[in-house]
Amino acid sequence: NTITIKKCDNTGAVTLNDSNNGVAQPRVGGVVGYTSQGIIEIDTCENSGTVTVAGGTGAQCYVGGVVGRTNAGGVDDGINIKDCTNSGIVDVSAQKAGWHYAGGISSTTYGGGETNNYRIVVDGCINSGRVSVTNAHATNAVTFRAGGILGGLVQYTKVYNCTNSGIVAMENTSVKNDFLGGIVGQLENTY
């Protein structure tokens, strides 16, 4: 079975203020919070609302203009994000140590185990919104991955025909452990 989200627009603000440190792994997106398992198509969707996560946040935090986190871990999984746009601000202010991802289209993609196929395809997407991450923690134990299209890309993901014109910014970060990119903040292939 295929799940399809097509021609959907969000103009409202999406906000998580985790002042009590209660959310272990928030996944926050302008259109979809989290994709996981199965065949999923997100086609021609737009976000112009501000997507914000502030406060404690968990050990891992995923924030994206269109999709909070994109995960295709199973052998038969396949996720396509096609012709989607974000013009909204994506903002993460973390007060708790951990890994935090932010991207104009998706915070991160995880393509899962060994395969000869790309499980996740990001095609023809455009970001013009600002992507910003701020370390509000007392020490520099917060680690950020931020990108105009994807904050992080982990294996079996194909990105093409994508454009970013938005500012990607980090503030009060440790620098040595943080990655920032106009298209992708960090590329990682664990196999």
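**Close-up views of a predicted model**

**View 1. Two strands paired in the parallel sense.** Strand S10 (residues 67-71) and strand S15 (residues 106-110) run side by side as a parallel pair, joined over three bridges. One spot to look for is Asn-71, whose bridge partner in S15 is Tyr-110. Keep in mind, here and in the views that follow, that this is a predicted model.

**View 2. The open sheet around that pair.** Step back from S10 and S15 and you get an open sheet of five strands, in the order S5-S10-S15-S20-S25, with parallel pairing. Which strands stand at the edges? They are S5 (32-36) and S25 (184-188); each has a single partner strand, so one side of each is left without a neighbour in the sheet. On average, neighbouring strands of this sheet are turned by 5° against each other, direction ignored.

**View 3. Asp-91 and its surroundings.** Asp-91 sits in strand S13 (residues 90-94). Is Asp-91 buried or exposed? Somewhere in between: its relative accessible area is 22%, and with the cut-off for buried being under 20%, Asp-91 counts as partly exposed. Leaving out residues up to four places away in sequence, Asp-91 touches Val-51, Thr-52, Val-53 and Ser-132. With Ser-132 there is also a polar contact, side chain to side chain, at 2.7 Å. Gly-65 is worth finding in this view too: it is 26 residues from Asp-91 along the chain, and the two C-alpha atoms are separated by 9.4 Å.

**View 4. Asn-127, a buried polar side chain.** Asn-127 belongs to strand S17 (residues 126-127). Its relative accessible area is 0%, so Asn-127 is buried. What does the side chain of Asn-127 reach at 3.2 Å? That would be the backbone oxygen of Gly-148. A polar contact of 2.8 Å also joins the side chain of Asn-127 to that of Asn-164. Setting aside neighbours within four places in sequence, Asn-127 is in contact with Asn-86, Gly-104, Gly-148, Ile-149, Thr-163, Asn-164, Ser-165 and Gly-166.

**View 5. The salt bridge between Lys-6 and Asp-43.** The count of salt bridges in the model comes to two, and one of them is shown here: the side chains of Lys-6 and Asp-43 meet at 3.9 Å, N to O. Lys-6 lies in strand S1 (residues 2-6) and Asp-43 in strand S6 (residues 39-43), so the pair ties together parts that are 37 residues apart in sequence. As for how much of each residue is accessible, Lys-6 is partly exposed, with a relative accessible area of 47%, whereas Asp-43 is buried at 18%.

**View 6. The salt bridge between Arg-130 and Glu-171.** Here Arg-130 forms a salt bridge with Glu-171, and the closest N and O atoms are 3.8 Å apart. Where do the two residues lie? Arg-130 is in the loop between S17 and strand S18 (131-135), while Glu-171 is in strand S23 (residues 168-171), so this pair ties together parts that are 41 residues apart in sequence. Arg-130 is partly exposed, with a relative accessible area of 31%. Glu-171 is partly exposed as well, at 41%.

Key. Residues are numbered from 1 along each chain as its sequence is written. This is a predicted model: local features need pLDDT of at least 70, side-chain atom pairs count only at pLDDT 80 or more; totals for chains, interfaces and linings use all residues. Side-chain values use heavy atoms; hydrogens and water are left out. Two strands pair if DSSP finds at least two bridges between them. Helices (H or I, at least four residues) and strands (E, at least two) are DSSP runs, numbered from the N terminus. Axes are lines fitted to C-alpha atoms, for helices over the stretch in contact, and angles run from 0 to 180 degrees between N-to-C directions. Buried means under 20% relative accessible area, exposed over 50%, partly exposed in between (1.4 Å probe, protein chains only). Contact means heavy atoms within 4.5 Å. A polar contact is a pair of N or O atoms within 3.5 Å; within protein, one must be able to donate a hydrogen and the other to accept it, and residues adjacent in sequence count only if both atoms are side-chain atoms. A salt bridge is a side-chain nitrogen of Lys or Arg within 4 Å of a carboxyl oxygen of Asp or Glu.
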